[in-house]
Amino acid sequence: MTSDVRRQRRELTLGIAIIVVLALGLAVSATGYLLTRNAGLADPPDAKPAPEHSALALVEPPGAPGPSGPFTLAALRSTVSLPQPMVDVLTTAGMSDGMRKTAVRTGVTIGLYALATGDPRGAVRAYGAGVELQGLAADRDLSLEGVTVYGTPVGAPLARFGAAYVLYDRVVVVETAGQGDAAHDVFRTTLDRQIELAPPSDRS
C-alpha cells in the first residue's frame, strides 16, 4: 500500500469521525431541547371527573360580581370579548353552551369562561395565537403543564393576563386586566383556585 493511499484512508477515516461526532452532538442537543422545553413548569393537580355543566366548571371570581351567566355563540360574536381566532374556531367547530363569570377587585377586572365545543384543543391554540397578536407573550413563571399563561410586557400601563386550557369537551379561560402588580396577583390567585377546582384534562 503506497503512502498516498494510506494518507487518503486516514483523511477519510478522520472525516467520517468528525461527521459522526457532529451528528451525535446535534442529536444530543435536540433531545435536550425536547426534554427541557417544558422543564420547570409546575404540575397541576390530577384531572377530576368532567363537570356536569359549564357553571360547575368555574370558580366564583373574587370581588364585586359583574355580568355573568350563560351565553350563546351569537352573544360570543357580539357582546362577549374573546380573541377573534378563538371565536372563529368555536364558530367552525360549534359551541353548544358557554358560561361567563366576571368580577372587579381592587380595580382589576376578572373574567372566567367555560365553553363547550367540538374542538377544545383547537380553541386553546387559537386563544394563544389571538392574544399573541394582541401583544401578550407566554409567561413561564405563571404557566403550568397544560396551561400556558400569557401576559403583557413588564411596565405596560395596563397589565393583562390570560390562559386557556382543555377541560374534556370544554375550554376554560381565565383573564384579568388592571394595574400591573394587582392584575398579576389577582390572576395568580384566581388561576390557582380555578385549577384546584377543575384541573386540565389535557397536559400536552
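This is a short walk through one predicted model, from the overall layout down to a few single residues.

I will start with the chain as a whole. The secondary structure comes to five helices and eight strands. Read from the N terminus, the order of elements is α-β-β-α-α-β-β-α-β-β-β-β-α. The protein chain has 204 residues, and 41% of them count as buried. Take the contacts between residues at least 6 apart in sequence: 67% of these join residues at least 24 apart. The accessible surface is about 11200 Å², and carbon and sulfur atoms account for 59% of that.

Next, the inside. In soluble globular proteins, nonpolar side chains tend to be buried together. Here the largest nonpolar core has 25 residues, and Val147, Tyr165, Phe187 and Leu191 are the ones that touch the most other members. Two or more residues of this core come from each of β4, residues 108–117, β7, residues 159–167, β8 and α5, residues 180–197. Another core lies apart from it, with 21 residues, including Leu76, Val80, Met86 and Tyr127.

Now helix α5. With 18 residues at 1.5 Å a residue, α5 should span 26 Å, and its end C-alpha atoms are indeed 26 Å apart. Which residues of α5 are buried? They are Ala183, Val186, Phe187, Thr190, Leu191, Gln194 and Ile195. These buried residues sit on the same side of α5, because the arc they cover around the axis is only 155 degrees. As general background, an α-helix has 3.6 residues a turn, so residues three or four places apart point the same way. The cover over the buried residues of α5 includes β4, β6, which is residues 148–151, β7 and β8.

Two residues on that helix deserve a closer look. Phe187, leaving aside neighbours within four places in sequence, is in contact with Leu142, Val149, Phe161, Gly162, Ala163, Val174, Glu175 and Thr176. Thr190 is also in helix α5. Its relative accessible area is 0%, so Thr190 is buried. With residues up to four places away in sequence not counted, Thr190 touches Pro62, Ile110, Leu112 and Val174.

One of the contacts of Phe187 was Glu175, and I will turn to that residue now. Glu175 is in strand β8, residues 170–178. Is Glu175 buried or exposed? Its relative accessible area is 10%, and the cut-off for buried is under 20%, so Glu175 is buried. What does the side chain of Glu175 make a polar contact with? The partner is the side chain of Arg160, at 3.4 Å. Beyond residues up to four places away in sequence, Glu175 touches Ser81, Leu82, Thr109, Ile110, Gly111, Tyr113, Tyr127, Arg160, Phe161, Gly162 and Phe187. Two names on that list have come up already: Phe187 belongs to the largest nonpolar core, and Tyr127 belongs to the core of 21 residues.

On to helix α3, residues 84–93. Its buried residues are Met86, Val87 and Leu90. They cover an arc of only 100 degrees around the axis, and therefore lie on the same side of α3. Among the elements that cover them are α2, residues 73–78, β3, residues 95–105, β4, α4, residues 120–133, and β8. Just after α3 comes Gly94, which takes a positive phi of about 95 degrees.

From the α4 side, the residue to look at is Ala123, which is in that helix. At 0% relative accessibility, Ala123 counts as buried. Setting aside neighbours within four places in sequence, Ala123 is in contact with Met86, Val89, Leu90 and Val171. Met86 and Leu90 are among the buried residues of α3. Ala123 and Val172 are 49 residues apart in sequence, and their C-alpha atoms are 9.9 Å apart.

Last, two loop residues with a backbone point to check. Thr106 is in the loop between β3 and β4. Thr106 has a positive phi of about 45 degrees, although it is not a glycine. At 65% relative accessibility, Thr106 counts as exposed. Tyr168 is in the loop between β7 and β8. Tyr168 is not a glycine either, and has a positive phi of about 55 degrees. How accessible is Tyr168, and what does it count as? At 35% relative accessibility, Tyr168 counts as partly exposed.

How values were computed: Residues numbered from 1 in each chain as written. Predicted model: local features only at pLDDT ≥ 70, side-chain atom pairs only at ≥ 80, totals over all residues. Heavy atoms only, no water. Helix = DSSP H or I, 4+ residues; strand = E, 2+ residues; numbered from the N terminus. Buried < 20%, exposed > 50% of the residue type's maximum accessible area, 1.4 Å probe, protein only. Polar contact = N/O pair within 3.5 Å; in protein donor to acceptor, adjacent residues only side chain to side chain. Contact = heavy atoms within 4.5 Å. Core = buried A, V, L, I, M, F, W, Y, C linked by side-chain atoms within 4.5 Å. Expected span 1.5 Å × (residues − 1). Arc of directions from axis to C-beta. Areas by Shrake-Rupley, 256 points an atom, 1.4 Å probe, with all protein chains shown as cover.
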